[in-house]
Amino acid sequence: MHIDAIVAGLAGNPALPPGLVLRLVRYRRGFGEVATRADLTGDAIEAIIATDDHWMLHSLALNRHLPDTVRSRLAEHPDGAVRAALVVSGRGTPRELYLRLVDDPDRRVREYLAAHDDVPADVRGRLARDPDPDVRATLAQWWTDAPEEVRRSLLTDPVDAVRGAACSTYFRRLPHPVPPADLVAGLLEDPVTRAGAVRHADLTSAMAWRLAGDPDGDVREALAGHPWLPADVRDRLGDDREPEVRIAVFARQDTPEPLRRRIHEQALGFRCKVGLWMLELPWVTADPLPHVDSPYPCFRAAAAAAGASLPAHVVHRLLHDDDSAVRTAMAFRAPHLVDAAAAERIDRDYRPVKRTADRPADWLTFPQATLRRLATDPDPRMRRLAPRDPDLPPDLAARLAADPEPVVRRSVAGHPRLPAATLIGLLADESAWVAEAAAGSPALSPAEMDRLLIAAGL
């Protein structure tokens, strides 16, 4: 058996009795998953702290259900990773605890504080003067609605990396901050902050031409998206050597159709395809009907983002679009308008541009009859949907548990209607992934849980 995987599964099993939780605390392999349980008793918490085991305490500090008294004790722990984990899990943490951690000697603790919206503003603001520039850069990226005095301090920081983070083309939070108007000219002169400052510039023709010749592609890309870009500069950027710059021109509302078509035809390679797929086209979504038959899939997907406000025949048209991204966008925006046949077709033919675990079935509804039919589908990706039927017949559940594909066996391992003997069999599955899911099933009997702990030496 995959003992480590089984112990991890038991650690997260919601039906695990309190006595067995205490036994799991003695396990020293794995990452101390039992310490993340929401139902830890006071005795279990004390037992975990007494272990002084790094992974046990780290997992305990990540537990969002800890009493404040326990969190205060962990804030004194000598392991900086434990103290940093307290910040990660903090929601509604007492101000006194944040005051204790804001001057923590471990940089990781202060970086997590800089990125944490739960920290009181006056406490968080102290990090703008932190001695470590990495902490200040983290603050600049995450605290986009910081008070003006904090933003000014970060935008004029002596360290390039901090200024670059404070005036960037990308931030970790929305909305993007707007620099004070009196700083924009200086930010444009600074190569580190120039790209991030372009969107805020009061653009003149001379300035646009100067920026169009900047050696930094990020500067030219930002310029290509400026709302007041002169037409002649726009057309030059449409032939830029960097694909991201050309794509930014492609996305403009004022781009002439011949230029847009040429850019699209020349968009070869993965970078271009991802760039087109990820485009935000709010002007298309705001006036979608002229674009539902666009030759550009990204325009049709942006039109689909208008959702249920579209006429029924347009929704139907976009749900049957030739491009998977368009069909998916329409289904996501109006799932209540997707019938069973369309839902299955859209999910079956889903072809994301970038690799992802998400799929249309995560927000679409499948009737019981469809789910049961999918239990015998030739495609394992579709078979794994069948356990979403809460009343799946035991014989079908058992059949899925014997599937040749581990991903299918895992999908059914926690099903409440899986026969007990079949569930026990999955504990010895050749895939650790499947065995872990079986050990996490609430249908597992306490006697079987006890047997597994004995097998683990507990």
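Helices, in this tour, are DSSP runs of at least four residues, numbered from the N terminus. The model on display is predicted.

**The whole chain**

Begin with the complete protein chain in view. Its secondary structure amounts to 32 helices and zero strands. The C-alpha trace spans about 80 × 60 × 35 Å along its principal axes. The chain has 458 residues, of which 50% count as buried. Among the contacts with a separation of 6 or more, 49% are between residues 24 or more positions apart.

**Stop one: Arg409**

Select Arg409, which lies in helix H29, residues 406–412. Is Arg409 buried or exposed? Its relative accessible area is 6%, and the cut-off for buried is under 20%, so Arg409 is buried. Now display what surrounds the residue. Leaving out residues up to four places away in sequence, Arg409 touches Leu400, Ala401, Ala402, Asp403 and Pro404, and also Leu426, Asp429, Glu430, Ser431 and Val434. For a sense of distance, select Val326 as well: Arg409 and Val326 are 83 residues apart in sequence, and their C-alpha atoms are 32 Å apart in space.

**Stop two: His116**

Move next to His116, in the loop between helix H8 (107–114) and helix H9 (121–125). This histidine has a relative accessibility of 7% and counts as buried. Which backbone oxygen does the side chain of His116 reach? The partner is the backbone oxygen of Val87, at 2.8 Å. Val87 also appears among the residues in contact with His116, together with Val88, Gly90, Arg91, Tyr98 and Arg124, when neighbours within four places in sequence are set aside.

**Stop three: helix H16**

Select residues 217–224, which form helix H16. Why is H16 largely enclosed by the rest of the structure? The reason is that six of its eight residues are buried. Colour these separately: they are Gly217, Val219, Arg220, Ala222, Leu223 and Ala224. Then show the elements that cover them, which include helix H14 (194–198), helix H15 (205–212), helix H17 (231–237) and H18. At the start of H16, zoom in on Asp216, where a side-chain oxygen comes to within 2.8 Å of the backbone nitrogen of Asp218.

**Stop four: helices H18 and H19**

H18, already met as part of the cover of H16, leads to the next selection. Select residues 243–250 for H18 and residues 257–265 for helix H19. The two helices pack at an angle of about 145°, and their axes are 9 Å apart. Their crossing is left-handed. To view the contact itself, show Arg246, Ile247, Val249 and Phe250 on the H18 side, which meet Leu259, Arg260, Ile263 and His264 in H19. By type, the residues of this contact comprise five nonpolar, one polar and two charged.

**Stop five: two cysteines**

Finish with Cys272 and Cys298. A disulfide is a covalent bond between the sulfur atoms of two cysteines. How many disulfides does the structure hold? The number is zero. Cys272 is in no disulfide, and the cysteine sulfur nearest to its own is that of Cys298, 12 Å away. For Cys298, in turn, the closest cysteine sulfur is in Cys272, and the 12 Å between them is too far for a bond. Cys272 counts as buried, at 5% relative accessibility. Cys298 also counts as buried, at 12% relative accessibility.

Methods
Residues are numbered from 1 along each chain as its sequence is written. This is a predicted model: local features need pLDDT of at least 70, side-chain atom pairs count only at pLDDT 80 or more; totals for chains, interfaces and linings use all residues. Side-chain values use heavy atoms; hydrogens and water are left out. A disulfide is a pair of cysteine sulfur atoms within 2.5 Å. Buried means under 20% relative accessible area, exposed over 50%, partly exposed in between (1.4 Å probe, protein chains only). Axes are lines fitted to C-alpha atoms, for helices over the stretch in contact, and angles run from 0 to 180 degrees between N-to-C directions. A crossing is left-handed if the near helix is turned anticlockwise from the far one by less than a right angle, and right-handed if clockwise. Contact means heavy atoms within 4.5 Å. Ala, Val, Leu, Ile, Met, Phe, Trp, Tyr, Cys and Pro count as nonpolar, Asp, Glu, Lys and Arg as charged, and the others, Gly among them, as polar. A polar contact is a pair of N or O atoms within 3.5 Å; within protein, one must be able to donate a hydrogen and the other to accept it, and residues adjacent in sequence count only if both atoms are side-chain atoms.
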